[in-house]
Every structure is written in C-alpha cells, then in structure tokens.
Amino acid sequence: MSKQIIKWDKSYEVGIEKIDSQHQELVRIINKFISAKSEGKEMSVMKETLTNLVNYTKYHFHDEEEFMQHEHYYKIYEHKAQHEILIKEIVQILRDISNNKININNELFSLLKRWLLQHVLKQDAAFGKFYKRKNNPQS
C-alpha cells in the first residue's frame, strides 16, 4: 500500500497563526494514522491515533468557533453546522473500525485527506479572508 501522506502547503494557510498551527497538527495526526497502517502497526495503535484525531478535531473546532464568535463572523452558524457534520462522520468511522465494519484502507485515507483539505481550503479559507478584510482593510 502506498503512503498517502498529506504534505503541508502554504496554500492551506488561512492567515491566522493559531488556526494554521492547529491545522498543521491535524495533518500531523492524519499522517501518523496513515503511517501506522503502512508500517503494519497494531490495530490498537491505529484506533488510538484515530481517537486522538477525533479529540484534537473537537478541540480545534471549539477554538475556531470561539474565535469566529469573537470576530462576529457572519457565517458562524453554517460553519458550526459543518463542524458538527465532520465530527459525526469521523466518530462514525472510529465506531465502524472498532466494530470491524470497515477496513482501514486507501479509501479511508482519501476520505480523511479530502475531509480535512476541503474544509480548510473552502470554509476556513473563507473565514481567513473575512478576518483579513475586517482587520486589515487596506490589503
């Protein structure tokens, strides 16, 4: 199986240091999960890594939503709804893996990558632009 490691790219940055740093940590955890599978690690290691991903994602979403609230982001409710959907999806994946309903494979890795990158590149990037316009109107 080929590794499908996510390589961090500056184009993923939203321009808010704390959020960008947390996004990089999410990428690191997903990469750890992908590497664990390709290195033949025990199922318990992969489940633990996925659990860490769920927990860190919840932490990140909470932080991000508080920041959006503070900045009076006009699409905060849409964004929160998107976060809730993403959390439910990843929790379901973890549940399915624990119950041996799905295999850990390239399809799952692609889903995790798509989930993270699409959210960051679309929803979070939109907030980054809002934040930049609001706090730096000359740029």
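**Exercise 1. Start with one lysine and its partner.**
Work out whether Lys10 is buried or exposed, then find its salt-bridge partner.

*Solution.*
- Step 1: Lys10 has a relative accessibility of 64%, so it counts as exposed, the cut-off being over 50%. Keep in mind that you're looking at a predicted model.
- Step 2: Look for an acidic side chain close by. Lys10 forms a salt bridge with Glu13, and the closest N and O atoms are 3.4 Å apart.
- Step 3: Check that against the rule. A salt bridge needs the nitrogen within 4 Å of the carboxyl oxygen, and 3.4 Å passes.
- Step 4: Now the partner. Glu13 has a relative accessible area of 31%, so it's partly exposed.

**Exercise 2. Two more charged pairs.**
Find the salt-bridge partners of Lys41 and Lys134, and say how far apart in sequence the second pair lies.

*Solution.*
- Step 1: Side chains of opposite charge can pair when their charged atoms come close. That's the thing to look for.
- Step 2: Lys41 meets Glu39 in a salt bridge, at 3.9 Å from N to O. Lys41 is partly exposed at 40% relative accessibility, and Glu39 is partly exposed too, at 48%.
- Step 3: Lys134 pairs with Glu71, with 3.1 Å between the closest N and O atoms. Lys134 sits in helix α4 (residues 106-135) and Glu71 in the loop between α2 and α3 (76-98), so this salt bridge ties together parts that are 63 residues apart in sequence.
- Step 4: Compare the surroundings. Lys134 is partly exposed at 38%, whereas Glu71 is buried, with a relative accessible area of 7%.
- Step 5: For the whole model, the count comes to 5 salt bridges.

**Exercise 3. How do α1 and α2 pack?**
Describe how the axes of α1 and α2 are placed, and sort the residues of their contact by class.

*Solution.*
- Step 1: Two packed helices are described by the angle between their axes and the distance between the axes.
- Step 2: Helix α1 covers residues 17-38 and helix α2 covers residues 43-70; their axes come within 10 Å and cross at roughly 165°.
- Step 3: Angles over 145 degrees count as roughly antiparallel, and that makes α1 roughly antiparallel to α2.
- Step 4: The crossing of α1 past α2 is left-handed.
- Step 5: Sorted by class, the contact of α1 with α2 has 13 nonpolar, 6 polar and 6 charged residues.

**Exercise 4. Now α2 against α3.**
Repeat the job for α2 and α3, then check the lengths of these two helices.

*Solution.*
- Step 1: α2 and α3 have axes 10 Å apart and pack at an angle of about 170°. That makes α2 roughly antiparallel to α3.
- Step 2: Here the contact residues divide into 14 nonpolar, 6 polar and 5 charged.
- Step 3: With 28 residues, α2 reaches 41 Å from its first C-alpha to its last, close to the 40 Å expected at 1.5 Å a residue.
- Step 4: For α3, with 23 residues, the expected span is 33 Å; its end C-alpha atoms are 33 Å apart, which agrees.

**Exercise 5. Which residues of α3 are buried?**
List some buried residues of α3, and take a closer look at Ile76.

*Solution.*
- Step 1: Among the buried residues of α3 are Ile76, His79, His83, Leu86, Ile87 and Asp96.
- Step 2: Ile76 is found in helix α3. Its relative accessible area is 5%, so it counts as buried.
- Step 3: Look back along the chain. Ile76 and Glu66 are 10 residues apart in sequence, and their C-alpha atoms are separated by 9.6 Å.

**Exercise 6. Spot the positive phi values.**
Which residue takes a positive phi just after α2, and which one just after α3?

*Solution.*
- Step 1: Most residues other than glycine have a negative phi, so a positive value is worth a second look.
- Step 2: Just after α2, His72 takes a positive phi of about 55°. His72 lies in the loop between α2 and α3, and at 61% relative accessible area it's exposed.
- Step 3: Just after α3, Asn100 takes a positive phi of about 55°.

Methods: Residues numbered from 1 in each chain as written. Predicted model: local features only at pLDDT ≥ 70, side-chain atom pairs only at ≥ 80, totals over all residues. Heavy atoms only, no water. Axes fitted to C-alpha atoms, helices over the stretch in contact; angles between N-to-C directions. Helix = DSSP H or I, 4+ residues; strand = E, 2+ residues; numbered from the N terminus. Parallel < 35°, antiparallel > 145°, perpendicular 65-115°, else oblique. Left-handed = near helix turned anticlockwise from the far one by under 90°. Nonpolar A, V, L, I, M, F, W, Y, C, P; charged D, E, K, R; others polar. Salt bridge = Lys/Arg side-chain N within 4 Å of Asp/Glu carboxyl O. Buried < 20%, exposed > 50% of the residue type's maximum accessible area, 1.4 Å probe, protein only. Expected span 1.5 Å × (residues − 1).
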